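User: I would like to go through this model element by element, with the reasoning set out before each answer. Please state the cut-offs as the terms come up.

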Amino acid sequence: MKPRHKRAAIVVGVLAAVGVAVGLVLNAFNSNLVFFYTPTQIAAKEAPTGRTFRIGGLVQAGSVVRDGVTVRFVVTDTAQNVPVRYDGVLPDLFKEGKGVVAQGQLGGDGVFAAREVLAKHDENYMPPEAADALQRADKMKAKMAGTLSDGGKK
């Protein structure tokens, strides 16, 4: 084998090794990527079923039902509601009417099975994703109310 062919074989081997390494890193990154969805996006079927993601909003007043370690509650963004089931101990600051972010999967029955629940940490805090979702939902409700009040005419 000529020296030129040896160098070409080494370059091809190094490029193949780098390609495999980049592929493995991207695959690991994609597997651990967790997206955030609002109840409105979930109602619009934008959220994946069977894949882990986060949902955020407010815990709807009167929706918390405890059965042993299983807790059922409803997360709302004031426009849409999503029922949530969580098996475990909730954070001490978890309360109705307060901000919450839950991580888990959406089942085929439309119930979000949470594996982790995060609650706000002081009176003025709400997760940025949840605050943004509430603002978008309020804008959407105002827009819909305006459309209904003018009969859809502009």
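User: In which loop does K45 lie?

Analyst: Elements are named here from DSSP runs, with helices (H or I, at least four residues) and strands (E, at least two) numbered from the N terminus. In this predicted model, K45 lies in the loop between α2 (39–43) and β2 (53–59).

User: On what basis are residues numbered and features accepted, and at which pLDDT do side-chain atom pairs count?

Analyst: Residues are numbered from 1 along each chain as its sequence is written, and side-chain values use heavy atoms, with hydrogens and water left out. The model being predicted, local features need pLDDT of at least 70 and totals for chains, interfaces and linings use all residues, whereas side-chain atom pairs count only at pLDDT 80 or more.

User: Near what value is the phi of K45, and is the residue buried or exposed?

Analyst: Most residues other than glycine have a negative phi. K45, which is not a glycine, has a positive phi near 65°. Buried means under 20% relative accessible area, exposed over 50% and partly exposed in between, with a 1.4 Å probe and protein chains only. Because its relative accessibility is 73%, K45 counts as exposed.

User: Which residue in the hairpin of β4 and β5 takes a positive phi?

Analyst: Two strands pair if DSSP finds at least two bridges between them, and β4 (residues 70–76) and β5 do so in the antiparallel sense over 7 bridges, with T70 standing opposite D87. The hairpin has 4 residues between the strands. The residue with a phi of about 75° lies in the loop between β4 and β5, counts as partly exposed because its relative accessibility is 34%, and is T78.

User: Which side chains of β5 point to the buried face?

Analyst: Along β5 (residues 81–87) the side chains alternate, so to speak, between two faces. N81, P83, R85 and D87 point to one face and are not buried, and R85 stands opposite A113 in β7 (residues 112–119), a strand that runs parallel to β5 and is joined to it by 3 bridges. The side chains on the buried face are those of V82, V84 and Y86.

User: How many residues of β2 are buried?

Analyst: Strand β2 has parallel bridges to β1 (residues 35–37), 3 of them, with F35 opposite F53. It also runs antiparallel to β6, with 6 bridges, where I55 has A102 as its bridge partner, and antiparallel to β4, with 2 bridges, where V59 stands opposite V75. Strand β2 is largely enclosed by the rest of the structure, because the buried residues number 6 of the 7.

User: How many residues apart in sequence are the parts that the pair of F73 and F94 ties together?

Analyst: Rings of Phe, Tyr and Trp (its six-membered ring) pair if their centres lie within 6.5 Å, with planes under 30 degrees apart counted as stacked, over 60 as edge-to-face and the rest as tilted; the structure holds 3 such aromatic pairs. F73 and F94 form an edge-to-face pair, 4.9 Å centre to centre with 65° between the planes. Because F73 lies in β4 and F94 in the loop between β5 and β6 (99–106), the separation of the parts tied together is 21 residues.

User: Which residues do ring pairs link into a cluster?

Analyst: F73 and F94, from the pair just described, are both buried. The cluster linked by ring pairs consists of Y37, F53 and F112.
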